[in-house]
Amino acid sequence: MARVGQVGLGYWGTNLARNFDELAELTWLCDASPEALEQFGRRYPGAKATGDFDELLGDDTLDAVVIATPVPTHYELAKRALEAGKHVFVEKPPAMQAAEMEELVRLAEAGGRVLMPGHLLLYHPGVRKLKELVDSGELGDVLCVYGNRQNLGKIRKDENALWSLGVHDLSVILFLVGEEPSQAVAHGNAFLTQGVEDVVFCYLRFPSGKIAHMHLSWLDPHKMRKLTVVGREKMAVFDDMELERKVTIYEKAPWEPAGIYGEWRTRTGDIFSPKIPNDEPLRLECEHFLSLVVNGPNGHAEARDGLTVVRALERLTESLRGG
Ligand SMILES: NC(=O)c1ccc[n+]([C@@H]2O[C@H](COP(=O)([O-])OP(=O)(O)OC[C@H]3O[C@@H](n4cnc5c(N)ncnc54)[C@H](O)[C@@H]3O)[C@@H](O)[C@H]2O)c1
């Protein structure tokens, strides 16, 4: 069983520790806060607790490090863990600059270590279903994809809506389309905290001609976590706010009837929702990481996908700032 150490024992770290304790041997707990260490130490008495990351890295029997600290600390901690020869699971995004992420990927490849960013939605059975619909050709050629991630709150001060919310949709859009964008444009505004955009609209265009859009906001009356895929034959929606109907497939499409040359009509048919397993995405994500730790990094696909996401975020940020 893999021996895992976790740094970052806050809100999200609680969920990660629960899963890694159940699926692996949680042997180290690390946090800058003595209160967090004490609280987690009581919950996981078999794990050693430390405020010193180097102490954890110095344990030669430790296989993997899980990083769930604030975003600006990810790159440095992941780099040190990879340099110490550990496999790394790091919350999203692993770095705030593409050059830093490239360095992490290089370190992982050179050392034969796993580097997996926490792109949770990629492990959501609903998103997996969307991917299956796209890859099987059931939707026909994909024309456009758009994401809505809006709510009133949680208002952040350290990272803008693009980095905080957009990283989720971006990882899924790139996963579904399977291309790097040739064009990345973002507009938005910082209404509440100087320099921290609360509302961001993004446009992506891909070499194949597919296009994508993201509306990201914590100043909105609607609570939406939705992704829509428009294909030439059918359309599909993943709605994470729905309890049962996570994915809906619409038999709706443009239609050019024979005999009426050049005239476009529309076709509407059934609307149905396939059964989506109720498995916890975070558990599936942790299981996937552990399988890579045991079986090897498998071409470093997760690390490279993480790099594609950071690269796109960086380009969108340049556009947002008027670059
Ligand atoms: N995948 C998801 O859906 C999801 C959801 C929420 C948060 N997250 C990610 O999880 C990460 C943590 O978010 P959170 O909401 O749990 O934050 P948090 O503030 O609740 O917890 C962060 C913890 O890290 C500790 N810490 C900070 N710097 C440290 C350092 N240098 N060394 C050791 N400990 C340090 C803090 O003391 C705190 O206990 C972020 O990267 C966030 O993006 C992911």
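The following exchange concerns backbone geometry in a predicted model.

Trainee: Which residue follows Lys 92 across a cis peptide bond, and in which loop does that residue lie?

Mentor: Most peptide bonds are trans. The bond that leaves Lys 92 is instead cis, with omega near -20 degrees. The residue on its far side belongs to the loop between strand 5 (87-91) and helix 5 (98-111), and that residue is Pro 93.

Trainee: What is the omega of the peptide bond from Gly 153 to Lys 154, and where is Lys 154 found?

Mentor: Lys 154 is found in the loop that runs between strand 7 (142-152) and helix 7 (161-177). The bond joining Gly 153 to Lys 154 is cis, and its omega is near -15 degrees.

Trainee: Which residue in the loop between helix 8 (281-295) and helix 9 (301-320) is exposed, with a relative accessible area of 62%?

Mentor: Most residues other than glycine have a negative phi. The residue you ask about is not a glycine, yet its phi is positive, at about 55 degrees. Its relative accessible area of 62% makes it exposed, because exposed means over 50%. The residue, placed in the loop between helix 8 and helix 9, is Asn 298.

Trainee: Is His 300 buried or exposed?

Mentor: His 300 is found in the loop between helix 8 and helix 9, and it has a positive phi of about 60 degrees although it is not a glycine. The cut-off for a buried residue is under 20% relative accessible area. His 300 has a relative accessibility of 12%, and therefore it counts as buried.

Definitions and conventions:
Residues numbered from 1 in each chain as written. Predicted model: local features only at pLDDT ≥ 70, side-chain atom pairs only at ≥ 80, totals over all residues. Heavy atoms only, no water. Helix = DSSP H or I, 4+ residues; strand = E, 2+ residues; numbered from the N terminus. Buried < 20%, exposed > 50% of the residue type's maximum accessible area, 1.4 Å probe, protein only.
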